[in-house]
Amino acid sequence: MPITIDGESYTLMVPDGRTLAGIAASGQWPQIMPGLLDETVQSAVNARIRDPRDEFTLHGCWRIAVGVAPELYGVEWWAASRLCALAQERWRDWSAWCVRRGLDVDTASGHRIVSGVWAWLLEHAHEEKDLHKVERAIFDPPPELRRTRAAVPRGFSEAELAAQAQQIAAMAADGADE
């Protein structure tokens, strides 16, 4: 999947649907960006994130991950995350439903898995009011994105960004020893 950062073209290496669903269920958007980049490019992007003089930050990665989610999952990031987490929480019920319907989660795309979880939920909404309640719970953006632009999404406070930068630097240092 092609993306552009500051005029440079990059390619996200899209994994199988089950891996994508696992990323969404865990809420780990960094596994999408920069995680799906080729290792060499990923190292360069991580270096840019750590460079205090470079304007490209984790927030830029978050915006890219959220921006490509509809192409990867067919829905916004938060909806994919909620749907996949629900399937993971209720794996026995969800997987049994998939078997009855002929959906092979091991070979399905991210779109198909997310659509399957949504169909599974719809099957249990018996009244229209239930449908609207479930729809809002899944598809409404998180509160921090519904507020003013001044709100800082979870994971982007100065303290959280500093902690993430330290983790990335530690991981980079571990990789340099090899």
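# A walk through a helical chain

Start at Y73. Setting aside neighbours within four places in sequence, Y73 is in contact with L20, A21, I23, A24, I32, A80, G110, H111 and V114. Keep that residue in view, as Y73 will come back when we reach the nonpolar core. Everything described here belongs to a predicted model.

Now step back to the whole chain. The protein chain has nine helices and two strands. Read from the N terminus, the order is β-β-α-α-α-α-α-α-α-α-α. The C-alpha trace spans about 55 × 40 × 30 Å along its principal axes. The chain has 178 residues, and buried residues make up 36% of them. Next, look at how the chain meets itself. Take the contacts between residues at least 6 apart in sequence: 62% of these join residues at least 24 apart.

Go inside next. In soluble globular proteins, nonpolar side chains tend to be buried together. The largest nonpolar core of this model holds 51 residues. Which of them touch the most other members? They are I3, I32, M33, Y73, W77 and W94. Several elements give two or more residues to this core: β1 (2-5), α1 (17-26), α2 (39-50), α3 (58-73), α4, α5 (91-101) and α6. Helix α3 gives the most, with ten residues. Our starting point, Y73, falls in the range of α3, 58-73.

Turn to the helix pairs. Two packed helices are described by the angle between their axes and the distance between the axes. Take helix α4 (residues 77-89) and helix α6 (residues 110-123). Their packing angle is about 70 degrees, and their axes are 9 Å apart. Angles of 65 to 115 degrees count as roughly perpendicular, so α4 and α6 are roughly perpendicular to each other. The crossing of α4 past α6 is left-handed. From α4, the residues A80, L83, C84, L86 and A87 take part. From α6, they meet V114, V117, W118, W120 and L121. What kinds of residues make this contact of α4 with α6? Ten are nonpolar, none polar and none charged. Two names here are familiar, since A80 and V114 also appear among the contacts of Y73.

Helix α6 has another partner. Helices α5 and α6 pack at an angle of about 100 degrees, and their axes are 11 Å apart. That angle makes α5 roughly perpendicular to α6. On the α5 side, D93, W94, W97 and R101 make the contact. On the α6 side, I113, G116, V117, A119, W120 and E123 do. This contact divides into six nonpolar residues, one polar and three charged. V117 and W120 of α6 meet α4, and V117 and W120 also take part in the contact with α5. W94 of α5 has a place in the core too, among the residues that touch the most other members.

Some spots in the backbone deserve a look. A cis peptide bond joins M33 and P34, with omega about 15 degrees. M33 is one of the core residues named above. P34 lies in the loop between α1 and α2. Now look at D6, in the loop between β1 and β2 (8-11). D6 is not a glycine, yet its phi is positive, about 50 degrees. Is D6 buried or exposed? It is exposed, with a relative accessible area of 59%.

N46 sits in helix α2. Its relative accessibility is 15%. Under 20% means buried, so N46 counts as buried. Not counting residues up to four places away in sequence, N46 touches P34 and I168. That leads back to the proline of the cis peptide bond.

Finish with some distances. S26 lies in helix α1. At 40% relative accessibility, S26 counts as partly exposed. S26 and L37 are eleven residues apart in sequence and 19 Å apart in space, C-alpha to C-alpha. H126 lies in the loop between α6 and α7 (128-139). H126 is exposed, at a relative accessible area of 69%. How many residues lie between H126 and E39 in sequence terms, and how far apart are they in space? They are 87 residues apart in sequence and 47 Å apart in space, C-alpha to C-alpha.

Key
Residues numbered from 1 in each chain as written. Predicted model: local features only at pLDDT ≥ 70, side-chain atom pairs only at ≥ 80, totals over all residues. Heavy atoms only, no water. Axes fitted to C-alpha atoms, helices over the stretch in contact; angles between N-to-C directions. Helix = DSSP H or I, 4+ residues; strand = E, 2+ residues; numbered from the N terminus. Parallel < 35°, antiparallel > 145°, perpendicular 65-115°, else oblique. Left-handed = near helix turned anticlockwise from the far one by under 90°. Contact = heavy atoms within 4.5 Å. Nonpolar A, V, L, I, M, F, W, Y, C, P; charged D, E, K, R; others polar. Core = buried A, V, L, I, M, F, W, Y, C linked by side-chain atoms within 4.5 Å. Buried < 20%, exposed > 50% of the residue type's maximum accessible area, 1.4 Å probe, protein only.
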